[in-house]
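Here are some short exercises on charged side chains, each with a worked solution. Have the model open beside you as you go.

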Amino acid sequence: MSARRDLTWLQRSGPDCIEWPFGKSKLGYGRLRWNGEATSASRVALEYKLGRPLQDKHEACHTCDNRLCINHNHLYEGTRSDNVRDAWARTRKFWKSPED
């Protein structure tokens, strides 16, 4: 099944994570081709929810810390700095801080 042709995955929501079942990036995020470009599935899901493209230099950030989650209720628009701050606040880090 082509994710591009079957858009029902964009309309799903609820309290639980909805994991992307198709292609994944090396870092474990859902990936697909959308409008001719490779992009993240979470970005497409968030843009669908917002009804518009994300602002420049913004990304789809996860409140659930699940990289495969495409539940648009678990996503918010933020900058890379917002996302890193959120990761530190929830001790979800994959690098060492200067204090470590």
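**Exercise 1.** Find how far apart D82 and R85 are in helix α3, then describe their contact and exposure.

*Solution.* Step one: D82 and R85 are 3 residues apart in helix α3, so about one helical turn separates them. Helices here are DSSP runs of H or I with at least four residues, strands are runs of E with at least two, and both are numbered from the N terminus. Step two: the side chains of D82 and R85 form a salt bridge at 2.8 Å, N to O; the term asks for a side-chain nitrogen of Lys or Arg within 4 Å of a carboxyl oxygen of Asp or Glu. Step three: D82 is partly exposed at 28% relative accessibility, while R85 is exposed at 54%. The classes are buried under 20% relative accessible area, exposed over 50%, and partly exposed in between (1.4 Å probe, protein chains only).

A word on the source: this is a predicted model, where local features need pLDDT of at least 70, side-chain atom pairs count only at pLDDT 80 or more, and totals for chains, interfaces and linings use all residues. Residues are numbered from 1 along each chain as its sequence is written, and side-chain values use heavy atoms, leaving out hydrogens and water.

**Exercise 2.** Which parts of the chain does the pair E59 and R80 link?

*Solution.* Start with the contact: E59 and R80 meet in a salt bridge at 3.0 Å, N to O. The pair links distant parts of the chain, with E59 in strand β3 (residues 58-62) and R80 in helix α3 (residues 80-89), 21 residues apart. Finally, E59 is buried at 16%, whereas R80 is exposed at 55%.
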